[in-house]
Amino acid sequence: MIQLYIPLNFLGVIYREIKQSLTDLDKMFGLLEREREVADVPGAAELAVSGAAVRFESVSFSYDKARPILHDVSFEIPAGKKVAVVGPSGSGKSTLARLLYRFYDIDAGRITIDGQELRKVTQSSLRRSIGIVPQDTVLFNDTVAYNIAYGRPGASQAEVEAAARAAHIHNFISSMPNGYATMVGERGLKLSGGEKQRVAIARTLLKNPPLLIFDEATSALDSSNERAIQAELEAAAQDKTVLVIAHRLSTVVDAHEILVLEAGRIVERGHHEALLAQQGTYARMWRLQQSGGEQVLAAPPAEQSG
Ligand code: ATP
């Protein structure tokens, strides 16, 4: 009886651990209200990444069939390049990121990485290849070390510390009485937005995936913090394929392509200079940001609240 009890109890612990991680990931994507609905197809292949080139081909998507969100969206991120998405709040920017991570299956079209359709590869191999620095990092109710190592299970303490150093969070962690063993998250130490984002960057640096998704924070970090985080993100993105949901001009000017999304459609696209010359939506957002408006790459002032 005891022999049977121990393994079952052990399995229970593992089950709770896994369930907690999934809950945390769901929260990270604001998906708590929905059951995850994607599944591996029988005999799904492992994603084989060479350069991590991304293609969206005529992608349409709705969370709820009655309300289409993305309409016929096509774009490409060549291997090692950066594509930035800008547009008003609710235009579907984060949805693009969720679809690339395959939190949902699309209604029409195709999404591929290095020519392999997302629907046909295992979710685990897909997610191993993608690093996400979300707008608002949700930390797991565990130690700082666990939260960073989550990027690469089995990483050594030295590797965790090296990633934390690169993300400029090591000194802060070391200054706490319990150091890397400090509990964080909802039931632990509350970190500031910037500190949480650094933990997410450390996690991503440790994971070192070929494809990165950055969802830039809209909340105003103070500008020196912002510059430091920006520099860390740039270092993490070196030679990687990057999809960035951008709120700042400094992020988009060097993008291979900028997509302007409005109500789920790409209404303008091109390099920064070319878009300025078009004198359209992007040029208007740019002028507003130049004149000191905040977050205008994400939302025109008329749509901002608070
Ligand atoms: P923001 O700049 O404010 O983050 P966004 O451009 O990233 O906005 P999305 O989060 O992609 O916008 O949302 C696009 C639309 O899809 C919105 O109208 C939103 O209400 C809707 N939406 C987002 N998530 C869900 C969901 N889980 N279920 C139903 N509708 C959703």
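Among contacts between residues at least 6 apart in sequence, 73% join residues at least 24 apart. That figure, like everything below, comes from a predicted model. The protein has 306 residues, and 35% of them count as buried. Its secondary structure comes to eleven helices and ten strands.

**The sheet**

Let's start with an open sheet of six strands, ordered S6-S7-S8-S3-S9-S10, where the pairing is mixed. At the edges stand strand S6 (130-133) and strand S10 (265-270); each has a single partner strand, so one side of each is left without a neighbour in the sheet. From one strand to the next, the twist averages 20°.

Here are three of the strand pairs, each with a residue pair that sits across it:

| Strand pair | Sense | Bridges | Facing residues |
|---|---|---|---|
| S6 and S7 | parallel | four | Ile132 and Ile213 |
| S7 and S8 | parallel | five | Asp215 and Ile245 |
| S9 and S10 | antiparallel | five | Val260 and Glu268 |

S7 (211-215) deserves a second look. This strand is mostly covered, with five of its five residues buried. In a regular strand, side chains alternate between the two faces of the sheet. In S7, Leu211, Ile213 and Asp215 point one way, while Leu212 and Phe214 point the other way, and all are buried. Two of these residues turn up in the table as well: Ile213 has Ile132 opposite, and Asp215 has Ile245 in S8 as its bridge partner.

**Helices on the sheet**

Now for the helices. H2 lies across S3 (82-86), S7, S8 (241-245) and S9, and runs at about 145° to S8. Helix H11 (residues 281-290) also packs on the sheet, where it touches S3, S9 and S10. The direction of H11 makes about 95° with that of S9, the strand that spans residues 257-262.

**A residue in H2**

Thr95 belongs to helix H2, which covers residues 93-100. Is Thr95 buried or exposed? It counts as buried, because it has 21 C-beta neighbours inside 10 Å, and the cut-off for buried is 20 or more. Which residues does Thr95 contact, once its neighbours within four places in sequence are left aside? They are Phe61, Ile69 and Leu70. Gly188, by contrast, lies 30 Å from Thr95, C-alpha to C-alpha, and the two are 93 residues apart in sequence.

Definitions and conventions: Residues are numbered from 1 along each chain as its sequence is written. This is a predicted model: local features need pLDDT of at least 70, side-chain atom pairs count only at pLDDT 80 or more; totals for chains, interfaces and linings use all residues. Helices (H or I, at least four residues) and strands (E, at least two) are DSSP runs, numbered from the N terminus. A residue is buried if 20 or more other C-beta atoms lie within 10 Å of its own, exposed if 12 or fewer, and partly exposed in between; C-beta atoms are placed from the backbone. Two residues are in contact if their C-beta atoms, placed from the backbone, lie within 7 Å. Two strands pair if DSSP finds at least two bridges between them. Axes are lines fitted to C-alpha atoms, for helices over the stretch in contact, and angles run from 0 to 180 degrees between N-to-C directions.
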